[in-house]
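This report describes charged pairs, helix packing and cysteines in a single protein chain. The chain and its model are shown below.

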Amino acid sequence: MTEATPPAPAALAAKVRTLVPSMTRSMQRVAEAVAGDPAGCAALTVTGLAERTGTSEATVVRTSRLLGYPGYRDLRLALAALAAQQAAGRAPAVTADIAVDDPIADVVTKLAQEEQQCLADTAAGLDTSQLEAAVAALSTARRIDVYGVGASSLVGQDLVQKLLRIGLIAHAHADPHLAVTNAVQLHSGDVALAITHSGRTTDVIEPLRVAFEHGATTVAITGRPDGEVAQYADFVLTTSTARESELRPAAMSSRTSQLLVVDCLFIGVAQRTYEAAAPALAASYEALAHRHDPRPGPR
């Protein structure tokens, strides 16, 4: 797997939300402190932050690395930049959870705000060098297999539909047995792409592992770049998610950011293959237009 660059300052809070559940309690205290008060923490030395959170300097450094920074110095610089953005009013606001008794108008407002923040967090944290490499691999692939289950399966189908419309050979696999069976047939020149928010969905990881071991280029779209799926991914595209609530678990809110990454991949591939993609897309539009033509005529 290619090493990703540190997340942009604007993506730090989203990164914390994603990774906190998997952290030790001491690391959680460090992560929650830096996300909750970036300006105050940016002014602290590693010793000062350890004292403030009741942890050790080693815990602060480990937390910095888990969040994607080489060390505390890099995290501290990101905190200072995030604090400046918040002071200028450019950092997204945190929205309230959706309550069971919320009026539907409030639900609409809260969902819109959450999804807007989710998209902004994903865009800020997306490693464009990894994205460009994935686009390059997809653009020249002999065959593309996409793996996902549940809500991620729907996102995979969306990607495959888009790729088919510009003339690429792509397949979406929701059945884990068929996914592994097909993965065995992949080799150099093919691409396997896994979509899993948790980064630990066995039914998605297993076919990606098989494809990886058979020489295919592998891509993971995940909210957990430290998850098991990344072990078998040449390129990792990290997504964010809106805050979980009783009515909206991560599996639902992650779909928004996954679809953004899918659209980025598709547009990138269409740009690279424009001479072939444009006429293929036009042909698909024309074929669909004939199916929906309301004018009477022979059936």
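D190 is buried in this predicted model, because its relative accessible area is 0%. Its side chain meets that of R142 in a salt bridge, with 3.0 Å from N to O. The two residues come from distant parts of the chain, 48 residues apart. D190 belongs to the loop between α10 (176-183) and β3 (191-196), whereas R142 belongs to the loop between α8 (128-139) and β1 (144-147). R142 is partly exposed, with a relative accessible area of 45%, so this salt bridge joins a buried residue to a partly exposed one.

**Further salt bridges**

Side chains of opposite charge can pair when their charged atoms come close. A search of the whole structure finds nine salt bridges; three of them, including the pair already described, are set out here.

| Pair | N to O distance |
|---|---|
| D190 and R142 | 3.0 Å |
| D263 and K162 | 3.4 Å |
| E213 and R209 | 2.8 Å |

The side chains of D263 and K162 meet in a salt bridge. D263 lies in helix α12 (residues 250-272) and K162 in helix α9 (residues 151-165), so the pair ties together parts that are 101 residues apart in sequence. K162 is buried at a relative accessible area of 19%, because the cut-off for buried is under 20%. D263, at 35% relative accessibility, counts as partly exposed.

The salt bridge between E213 and R209 lies within one helix: both residues belong to α11, four residues apart, or about one turn of the helix. E213 is exposed, its relative accessible area being 53%. Elsewhere, D158, K162 and D263 are joined into one network by salt bridges that share partners.

**Helix packing**

Two packed helices are described by the angle between their axes and the distance between the axes. For α10 and α11 the angle is about 10°, and the axes are 8 Å apart. These two helices are therefore roughly parallel to each other. On the α10 side the contact is made by P176, A179, V180 and A183, and on the α11 side by D203, E206, P207, V210 and A211. By class, this contact has seven nonpolar, no polar and two charged residues.

Helix α11 spans residues 202-213 and includes T202. T202 is exposed, because its relative accessible area is 57%. The C-alpha atoms of T202 and E228 are separated by 9.1 Å, while the two residues are 26 residues apart along the chain.

How are α4 and α5 oriented to each other? Helix α4 (residues 46-53) and helix α5 (residues 57-66) pack at about 100°, with an axis separation of 8 Å. The two helices are therefore roughly perpendicular. V46, T47, L49 and A50 of α4 meet E57, V60 and V61 of α5. The residues of this contact divide into five nonpolar, one polar and one charged.

**Cysteines**

A disulfide is a covalent bond between the sulfur atoms of two cysteines. How many disulfides does the structure hold? The count is zero. Among the cysteines, C41 is buried, because its relative accessible area is 0%. C264 counts as partly exposed, with 27% relative accessibility.

Technical notes. Residues numbered from 1 in each chain as written. Predicted model: local features only at pLDDT ≥ 70, side-chain atom pairs only at ≥ 80, totals over all residues. Heavy atoms only, no water. Buried < 20%, exposed > 50% of the residue type's maximum accessible area, 1.4 Å probe, protein only. Axes fitted to C-alpha atoms, helices over the stretch in contact; angles between N-to-C directions. Parallel < 35°, antiparallel > 145°, perpendicular 65-115°, else oblique. Contact = heavy atoms within 4.5 Å. Nonpolar A, V, L, I, M, F, W, Y, C, P; charged D, E, K, R; others polar. Disulfide = S-S within 2.5 Å. Salt bridge = Lys/Arg side-chain N within 4 Å of Asp/Glu carboxyl O.
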